[in-house]
Structure formats: structure tokens, C-alpha cells
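Ready for a bit of practice? Take a look at the model below, then work through the exercises one step at a time.

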Amino acid sequence: MRSVITHIEDATGSVAYKLNSLTELTIKSSYETLTDTAVLSFPRGLRVLERTTEGSVEHVTGVNIDRGSYVEIWCEYDSVEHKKSRFQGYVTRVDPGQPVRIHLEDSAYLLKNGRQKFSLKEGKIEDIISPAAAILPTTSVEVKIYVKFKSDGLTPAQILEKLKRQYQLQSFIHDKRLYIGQRFWPEYRTEHILDFNYNILEERLEYYTTDDLDVTVRATSTYPNAGKDEQISVEVGGGGEQFRTLNFYGITDEAVLRSIAENELGRMTFEGL
């Protein structure tokens with residue numbers, strides 16, 4: 001029977017622990033959320049096989065990991081050398097009970113410190129995301145709109161969450177890079193070839209074109225004006241039966257509202273099975 005061997009390394013790779021077993025490794029990763037998380041659970045009989053410090057191998061009785069430490073988790077079976085990286089991130093909490101649990105977050109952890117105060121009447125997206133872009137390498141969609149945005153002591157992570165709520169601009173991190181503006185990027189899509197006579201036992205797939213998926217998106221914004229609330233609305237799409245409603249507050253420019261609605265419409269329509 002083959003056993004799982006877990007490697008935990010620091011940011012430089014100069015200190016690494018090799019552990020004999022792992023009760024559970026839970027990883028939650030999604031393009032829908034800014035932060036990916038992982039929880040390492042170790043059994044009562046955990047044994048540290050070795051610790052490597054700057055190339056020197058030694059045997060120790062415990063693992064010394066502090067909150068805020070950067071670690072990379074690798075797993076392999078027995079002595080097989082093709083170990084695979086499973087998660088990279090920062091320790092947020094260590095539960096010393098039974099089993100021992102180490103909680104981690106990916107690079108979004110770095111965006112949750114340092115509060116920002118600014119107010120933009122007609123700010124570009126790159127101005128709003130600049131606090132986050134100063135911390136992590138960033139790729140953002142080119143959205144040529146100017147919006148009103150205020151940060152009253154928000155962290156860079158909270159700014160991105162507010163940008164998502166107000167303007168439907170999604171943020172996530174992949175391979176230590178921050179992506180803003182859409183859920184899927186072509187360079188990270190993996191194509192899989194499925195043989196209907198071999199891989200798929202049963203299917204009820206139907207082929208749809210963009211004409212079949214006749215979707216209408218209505219975006220409505222409520223904003224204060226002279227002591228009372230007013231609304232603007234736009235509709236984009238083909239006027240079909242499928243209807244999606246987006247509600248916002250504080251957007252006063254119809255062009256901005258239409259740009260957001262068109263971005264959402266593009267996400268909902270596709271051609272394929």
C-alpha cells in the first residue's frame with residue numbers, strides 16, 4: 001500500500017518539511033471568489049521524516065509554522081520523485097487540537113492589509129484597482145468607462161469586492177497574478193477530448209448557438225438626485241424569454257450601465273454543447 005508524503009516549503013525553498021502522512025487536504029478554489037483557501041489536517045501520530053534547511057537534512061520532532069508564513073504544499077506517493085504542487089499561500093491560523101489543522105489563503109492574503117482612503121468622481125478602472133496592482137502583478141480587462149467610486153478605509157481586497165458588487169467586475173487570483181474584469185481567461189482554459197463511445201456512458205447534450213440562447217439583460221441603477229431617488233435602465237440582447245436583471249446603486253451614466261450589461265450578456269451567451 002502506498003502512503004502519501006507531504007512536503008511543506010517556505011517562500012525561498014530553503015526550509016522544507018517532509019511529513020509521513022496527511023489526514024486531509026481541503027482546497028477551495030473558484031473563479032467566482034477572490035480568495036482560494038486550503039486546510040491541512042494532520043493525524044495524532046504525525047511523524048516528521050526530515051527537515052531540510054539550506055540543503056542540510058536533519059530529523060526533527062515538530063513543524064514550526066507561524067501565522068503569516070508563506071508555504072507551498074507538495075504531495076507525492078512514497079519515494080516517487082514526480083511530486084506535484086497542490087497549493088501556495090499564507091498561514092492564517094493554526095488549530096493545535098486533534099487533528100492539527102493549518103489554515104491557508106492564497107496571495108489574496110496580501111490584499112487584506114493597508115486601508116485606502118480616496119474618492120473618485122470620474123475614476124478609471126485602473127485608478128480604482130491601483131492599490132491592489134501595487135501589491136500583485138495584475139491583468140485587467142480594458143473597460144473604457146469612468147465611474148464614481150469611494151474607498152473610506154477599505155483594504156485592496158475590499159475595494160475589489162466593492163467593484164464586483166457595483167460594476168460586476170470579477171476578481172480572482174491564479175498563479176500569484178490578479179485578474180480583474182471577467183471570470184474566464186483564454187490562456188487558462190484547458191481543452192479536453194472526450195470520446196462519446198468511450199468516455200461518456202450517457203448524455204442528454206444539445207447543441208446551442210448564440211441565436212438559440214436568446215438572452216435579454218436589463219440593468220437598473222437607482223441614484224439620489226435633489227433629495228429623491230431616480231432610476232435609469234437599459235436593456236441589451238435579443239429580447240428573448242431568458243431574462244436577467246441587474247440592480248445597482250449610484251451609477252448615473254447610462255453608457256456605464258450599458259457597458260456593464262453588455263459584459264454580462266457576453267458571459268451568458270455561447271455556442272456549443
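**Exercise 1: The cavity**

Searching this whole predicted structure turns up one cavity of 30 Å³ or more. Work out how much space lies in the largest cavity and what lines it.

*Solution.* Step one is the volume: the largest cavity holds about 30 Å³ of space. Rolling a probe the size of a water molecule over the atoms is what reveals empty space like this.

Step two is the lining. Go along the chain and you'll meet E32, T33 and L34, then L160, E161 and K164, and finally L169, Q170 and S171.

Step three: which helix gives the most to this lining? That's α3, residues 156-167, with three residues.

Step four: sort the lining by class. You get three nonpolar, three polar and three charged residues.

**Exercise 2: The sheet**

Find the order of the strands in the three-stranded open sheet, then say which ones sit at the edges.

*Solution.* Start with the order: it reads β11-β14-β13, and the pairing is mixed. In general, strands of a sheet pair through backbone hydrogen bonds, either parallel or antiparallel.

Now the edges. β11 (138-140) and β13 (171-174) each pair on one side only, which makes them the edge strands.

Next, zoom in on one pair. β13 runs antiparallel to β14 (residues 177-180), and four bridges link the two. Which residue stands opposite Y179 of β14? Look across and you'll find F172.

Last, the twist: ignoring direction, neighbouring strands in this sheet are turned by 20° against each other on average.

Technical notes: Residues are numbered from 1 along each chain as its sequence is written. This is a predicted model: local features need pLDDT of at least 70, side-chain atom pairs count only at pLDDT 80 or more; totals for chains, interfaces and linings use all residues. Side-chain values use heavy atoms; hydrogens and water are left out. Two strands pair if DSSP finds at least two bridges between them. Axes are lines fitted to C-alpha atoms, for helices over the stretch in contact, and angles run from 0 to 180 degrees between N-to-C directions. On a 1 Å grid over the protein atoms alone, a cavity is a set of points where a 1.4 Å probe fits but cannot get out, and a pocket is an open set with protein on both sides within 12 Å along at least five of seven lines; lining residues have an atom within 4 Å of a point. Grid points are joined across faces, edges and corners, and a volume is the space filled by probe spheres set on the points. Ala, Val, Leu, Ile, Met, Phe, Trp, Tyr, Cys and Pro count as nonpolar, Asp, Glu, Lys and Arg as charged, and the others, Gly among them, as polar.
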